[in-house]
Amino acid sequence: MDKTLKTKESTSVSRRDFFKKTASISAVAAAGLLAPATLNADDPAIMHHTKWGTTLGDGCNYHPYGIPSKYEHNIVRRTSALMSSAGDMHAAISMTPLYAQKGIITPNGLHFTRTHNGVAHVDPNEWRLMIHGLVEKPIVLTLEQLKRYPSESVIHFVECPSNGAAEWKGPQFNSVQFVRGMMSCAQWTGVRLKTILDDLGLKPEAKWMLAEGGDGSEMSRTLPIEKVLDDVIIAYGQNGEALRDEQGYPVRLLAPGWEANLSVKWLKRLEFGDKPWYAKEETSKYTALTASGRAIQHFYALETNSIITSPCPEIPWTYLKKGEMIEIQGLAWSGYGTVRGVDISFDGGKNWVEASLKGLILPKCWTRFSYMYKYEGKPLLLQSRSYDDSGDVQPTVNQEKTVVGVEGVYHRNAIHTWEVTAKGEVNNVQVRS
Ligand SMILES: Nc1nc2c(c(=O)[nH]1)N[C@H]1C(S)=C(S)[C@@H](COP(=O)(O)O)O[C@H]1N2
Ligand SMILES: [Mo]
């Protein structure tokens with residue numbers, strides 16, 4: 001069910017527009033982005049041995065498995081007791097530090113992590129996957145057998161449908177990590193489920209698939225067969241290495257663009273049936289009562305969304321001087337397809353300018369946007385608004401409430417606002433209209 005408003009005419013970003021935008025960025029660069037600094041021709045940090053250059057460094061094998069620089073120790077996943085069961089971290093969630101995210105690939109150690117019963121540690125030699133129900137040849141696969149099917153690598157975001165839900169009633173956290181950090185993006189490697197089903201023979205009556213996890217919660221979710229045969233992957237690789245334990249090692253389901261609870265981790269069983277069988281949670285939490293009194297039973301795909309990650313409360317503009325150029329950066333995504341564009345507003349949504357999209361632009365994937373801005377030291381209400389190739393545009397808070405009703409909290413994709421004060425501090429506020 002699609003709750004995003006189709007209010008904007010589809011604006012295709014032509015190649016010509018793209019080159020025009022790129023050109024304007026390089027013009028800014030030529031004019032000088034930073035205030036001129038004096039050149040010290042005998043700068044001791046450059047012209048003499050630096051303090052870290054006077055002794056032998058570590059051997060190249062000192063960390064057989066590398067870790068980040070010690071100066072990056074503050075860039076970590078964070079949790080909130082408010083988003084767990086009475087502060088217990090087994091049924092809880094840790095969030096990705098989006099303010100430190102470079103490009104579109106989340107490092108494995110920073111992938112947000114949601115567990116219903118803690119992180120399981122599965123021995124890959126004992127791991128098994130049962131595929132049964134309405135298939136011609138039911139099977140129990142070992143990991144080695146699974147890996148003999150042809151592999152595929154795809155880049156997709158994973159987002160918990162409750163990302164941002166805490167803010168349904170208004171701003172709660174002065175932090176982009178806590179406001180939107182229940183999502184990450186990675187390159188997943190595995191086997192397309194269709195490849196396996198073509199091999200095993202799916203019976204025509206099969207309309208639904210139950211996926212069950214092997215952790216203590218045995219979390220299970222139901223997916224319609226159309227999605228299963230479209231792009232669902234059984235993943236064992238995450239950004240070039242095996243899945244991390246937190247992401248479901250050795251194997252998870254990945255339902256691209258759909259709410260992340262469907263991407264069952266520590267996967268142990270797939271059953272095919274002609275009727276859906278829902279877990280209790282699926283018939284309560286993931287639905288929404290609309291103003292008309294009717295409920296939306298499934299959302300499944302995540303609507304187009306965006307968030308400005310710089311500036312943000314963690315990266316304020318307090319160091320900027322009036323007249324300096326600064327890059328506004330952020331992430332946009334859509335579970336319905338490919339991000340087509342992002343607009344930026346400085347006045348809480350009254351006026352909009354178009355940002356440029358940067359780097360890889362892929363379906364059901366994070367897309368970077370950027371806008372070069374001349375800082376004036378004036379208060380701003382900074383917003384971003386994305387639109388995708390399905391024709392959807394991000395709604396305002398009020399527009400979203402009109403569609404999903406007052407009780408809905410999941411799938412929040414309303415336009416987010418950062419207040420920038422005259423001093424350059426950044427605060428989480430809500431502009432509803
Ligand atoms: N087996 C199992 N799978 C699971 C869960 C779980 O607790 N157990 N949590 C789900 C939820 S609610 C989310 S949001 C995603 C989070 O994926 P991640 O931890 O890899 O980010 O995993 C889903 N898959
Ligand atoms: Mo979730």
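**View 1. The lining of the largest cavity mixes nonpolar, polar and charged residues.** In this predicted model, six of the lining residues are nonpolar, four are polar and three are charged. The space they enclose has a volume of about 70 Å³. Look first for Glu 167, Arg 412, Ile 415, His 416 and Gln 430: of the 13 lining residues, these are the closest to the cavity's centre. Helix H4 (176-180) and strand S24 (426-429) are the elements that each give two or more residues to the lining.

**View 2. Here the largest cavity is shown with the two domains around it.** Where does this cavity lie? Domain 2 (75-286) and domain 3 (305-429) both supply lining residues, so the cavity is found between them. Cavities of 30 Å³ or more number five in the model. How can such empty space be found? Rolling a probe the size of a water molecule over the atoms shows where space is left.

**View 3. Five strands make up an open sheet.** Follow the strands across in the order S5-S4-S13-S8-S9, and you will meet mixed pairing along the way. Strand S5 (139-141) and strand S9 (220-224) are the edges, each pairing on one side only. On average, neighbouring strands in this sheet are turned by 15° against each other, with direction ignored.

**View 4. A close look at one end of the sheet shows strand S4 beside edge strand S5.** Strand S4 (residues 129-133) and S5 run antiparallel, joined by three bridges. Which residue of S5 is the bridge partner of Leu 129? That partner is Leu 141.

Technical notes:
Residues are numbered from 1 along each chain as its sequence is written. Chains are lettered from A and ligands numbered from 1 in the order in which they are written. This is a predicted model: local features need pLDDT of at least 70, side-chain atom pairs count only at pLDDT 80 or more; totals for chains, interfaces and linings use all residues. Side-chain values use heavy atoms; hydrogens and water are left out. Two strands pair if DSSP finds at least two bridges between them. Helices (H or I, at least four residues) and strands (E, at least two) are DSSP runs, numbered from the N terminus. Axes are lines fitted to C-alpha atoms, for helices over the stretch in contact, and angles run from 0 to 180 degrees between N-to-C directions. On a 1 Å grid over the protein atoms alone, a cavity is a set of points where a 1.4 Å probe fits but cannot get out, and a pocket is an open set with protein on both sides within 12 Å along at least five of seven lines; lining residues have an atom within 4 Å of a point. Grid points are joined across faces, edges and corners, and a volume is the space filled by probe spheres set on the points. Ala, Val, Leu, Ile, Met, Phe, Trp, Tyr, Cys and Pro count as nonpolar, Asp, Glu, Lys and Arg as charged, and the others, Gly among them, as polar. Domain bounds come from an automatic or database domain assignment.
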